[in-house]
Each structure stands twice: as structure tokens, then as C-alpha cells.
Amino acid sequence: MSSAVANKAVESKLIDGKAVSAQVLAEVTADVAALKAEGIEPALAVVLVGEDPASQVYVRNKVLRAGEVGIRSLEHRLPATSTQDEVLALIDELNRDASVNGILVQLPLPWHINETAVLQAIDPIKDVDGFHSENVGGLSQGRDVLTPCTPAGCMRLLKQTLGDLSGKHAVVVGRSNIVGKPMAALLLAADCTVTVLHSRSKNPQALSRQADIVVAAVGRPRMIDAEWIKPGAVVIDVGINRIEEDGKSRLVGDVDFASVLPLASAITPVPGGVGPMTIALLMQNTVTAARQQHGKPTQAQ
Ligand SMILES: Nc1nc2c(c(=O)[nH]1)N[C@@H](CN(C=O)c1ccc(C(=O)N[C@@H](CCC(=O)O)C(=O)O)cc1)CN2
């Protein structure tokens, strides 16, 4: 096989998160324009505590994307030495500000600040990350609530790849509050049969090999290799791990891309897969929050 033909074969399997996120952002741009025509300007407050370099990049990109789709953004940068009470006071102020529709606190927070206390302080109707227990509970009950951005982005990729997910066996590897658990709830809501694997699961590879869909969200570079994948499965890689290899810094996922690619029918790359969807879905959630706060029905996704 010539390398051009081989490249085409690889490309045909790739789920292009950049392209799909561009579609989402175009939809959001149109929705924002329609709201503005009715006198409603969606606004998002982004809170960053400390100077974590990756978080600084994510926050900058969130503010940039907001500007591109027409969402007003307010950036609040607090020093790493801020007390929990100072962070809570800012959230209280943003909760009370009727012109702010969405509040996002970038994670991770510095070690001395209690993440749960901060996330629970955000008014659930402005919780565009979907991390408040009110929204977490609503999601598990199948209610129409603000949903965590990364899992919501994965669902959009899966639906565009497979169409109807009903009856598919989905395996989620990882049980974090931010990705694994909400991902399982969303797959269940889409009528999948869902298995969640974690560090105490017995023989996880054999269980994962039964799946039509594998979502890897463990935070361990290249952990999911060919042993975990049934031929024809769709593989969604949520991992973003920076590693040193051959003297270079590289970004790799939780999936061993080279070994899984020949088996998968479709797979997200890292970078360029799930990552770009996270920020696009944040913009979508901000519009949803603005619509709900103005008593407008939310559009079906
Ligand atoms: N409050 C939140 N904090 C964090 C979240 C979140 O959803 N809410 N998720 C992550 C970080 N994150 C957004 O905040 C995020 C991560 C990655 C990407 C992304 O586009 N990744 C690119 C690669 C970027 C790079 O080169 O480093 C990709 O995968 O293609 C966007 C957003 C933790 N914190």
C-alpha cells in the first residue's frame, strides 16, 4: 500500500474534534445572534485562581472563543494566595449579578481551597460546567440540566459518528466526577448498556473487549491498548497527558493510538479530538443558561 493510500485509510477512521467543534461554535454563533436580536446578551464569567500554566491557556482560549461567538466574557484572575472566603465572595457577587449567565471556576484549584465548597457555591442555573450537585443529580435522573462539557462533547462526537446509540454496549474507563460518572449517565440516557471500569475492576480488558463504544478517561498515558478493544469498536479518548519522549514534550491520550487504530472503526486523536469539544460545549451551555434564565425553552441538542 502506498503511504498516500495508508494515510487516507487512517484519516477515514479519525473523528475530527476540531471540525465538529467548529460546527458547534457556528451553531452557537447563530443562537447568540438570535438572542441579541431579542435584546439578550449572553455573558460568561471565568474565574482562575493561581498561575497553573495549562489552566492559563485554557482560560485564555475560553475567553477567546466567547468573543468569537459573540458571548460577553468577564475574566477574574485571583492570586494563588487567595483564601477560600475570597473566592466564595467573588462567586456570591457573580451569582447576584443578573447580567452574568454563566460562571466557570477553572480546575484544579490551589490545594488549600476546597473544590466542593467552591463548586457548590455557584448558583446551579449559572453552573455552565454542570458540576453542582443539583445538576449532577438532575443528569442522573435524566432531567434537562446543564451538563459537564467534556462528556457532552463526547456524546456529540458519538452521535455524529454512529447516529442512534440505543442498545450499544458502552464501556467507560474511569469514574471521575468530571468525566467518567457524567459520561456514564449520558450514555445511559441515550439507551446504551453501560459498564464503568475502574482501578478495582476485575479483568477490565475482557469486559472492555465486549464494548461497541469505549470511552477512555483514566488520566494514564496510553493505558488502553489493543487488548481492550473489540474489532469495529468506536474509541473516544478523553486523556490529555503531556509526556517526555525521544527528548521531546508530546501530548498523548489514555489510548495507545498506534495499537488501537487498526482495530477501531473510528477513533478520536489527541490532540484534536475531544479537547476542542470541551470549550465549544461550554459556549453552548452558556447560551442554554441564558435562555433558561430568560424563560426561553432550550433547544434539543
Ligand atoms: N472548570 C473546568 N476545569 C477544567 C475542565 C473543565 O471542563 N472545566 N477541563 C479540563 C481543562 N480544559 C478546560 O477547562 C480543557 C482541556 C483541553 C482542551 C483542549 O482543547 N485540548 C487540546 C490540546 C491542547 C494543548 O495543546 O495543550 C486537544 O486535546 O486537542 C480544552 C479545554 C481541566 N479543567
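Tutor: Before we start, helices here are DSSP runs of H or I with at least four residues, and strands are E runs of at least two, numbered from the N terminus. Keep in mind that this is a predicted model.

Student: Okay, where does Gly-174 sit?
Tutor: UniProt, in an unreviewed entry, puts a "binding site" feature at Gly-174, Arg-175, Ser-176 and Ile-240. In the model, β4 covers 169–173, and Gly-174 is placed in the loop between β4 and α8.

Student: Is Gly-174 buried or exposed?
Tutor: Count the C-beta atoms within 10 Å: 20 or more makes a residue buried. Gly-174 has 24 such neighbours, so it counts as buried.

Student: And which class does Arg-175 fall into, going by its C-beta atoms within 10 Å?
Tutor: Arg-175 also lies in the loop between β4 and α8. A residue is exposed at 12 or fewer and buried at 20 or more. Arg-175 has 18 others within 10 Å, so the label is partly exposed.

Student: Which residues does Arg-175 touch, leaving out those up to four places away in sequence?
Tutor: With sequence neighbours within four places set aside, Gly-174 is in contact with Val-179, Gly-180, His-198, Ala-217 and Val-218. For Arg-175, the list is Gly-180, Lys-181, Val-196 and His-198.

Student: Moving to the ligand, which element gives the most to the shell around it?
Tutor: The ligand has 17 residues around it, and Tyr-58, Leu-107, Pro-271, Gly-275 and Thr-278 are the closest. At least two residues each come from β3 (102–105), α7 (149–162) and α11 (274–293). The top contributor, with four residues, is α11.

Student: By class, how many residues of that shell are nonpolar?
Tutor: The shell around the ligand includes one charged residue and five polar ones. The nonpolar count is 11.

Student: Which domains each supply at least three residues to the shell?
Tutor: The domain assignment splits the chain into 37–132 and 149–276, and their C-alpha centres are 28 Å apart. The shell takes at least three residues from each of the two, namely domain 1 and domain 2.

Student: What does UniProt call residues 148–293?
Tutor: The entry is unreviewed. In the model, that span is 36% helix and 21% strand, with its end C-alpha atoms 18 Å apart. The listed feature is "domain: Tetrahydrofolate dehydrogenase/cyclohydrolase NAD(P)-binding".

Student: What percentage of residues 15–129 is helix?
Tutor: UniProt's unreviewed entry labels 15–129 "domain: Tetrahydrofolate dehydrogenase/cyclohydrolase catalytic". The end C-alpha atoms of 15–129 are 24 Å apart, strand makes up 16% of the span, and the helix share is 50%.

Student: Why is α7 described as largely enclosed by the rest of the structure?
Tutor: Its buried residues include Cys-149, Gly-153 and Arg-156, and they pack against α2, α8, β6, β7 and α11. The enclosed label follows because, of the 14 residues of α7, the number buried is 10.

Student: How far apart are the end C-alpha atoms of α11?
Tutor: Of its 20 residues, 17 are buried, so α11 is also largely enclosed by the rest of the structure. At 1.5 Å a residue, its 20 residues should span 28 Å, and the model agrees because the end C-alpha atoms are separated by 28 Å.

Student: Which residue follows α7 with a positive phi?
Tutor: Just after α11, Gly-295 has a positive phi of about 70°. Following α7, the residue with a positive phi near 75° is Gly-163.

Definitions and conventions:
Residues numbered from 1 in each chain as written. Predicted model: local features only at pLDDT ≥ 70, side-chain atom pairs only at ≥ 80, totals over all residues. UniProt positions renumbered as here; feature names shortened; annotations may be inferred. Near = placed C-beta within 6 Å. Nonpolar A, V, L, I, M, F, W, Y, C, P; charged D, E, K, R; others polar. Domains from an automatic or database assignment. Contact = placed C-beta atoms within 7 Å. Expected span 1.5 Å × (residues − 1).
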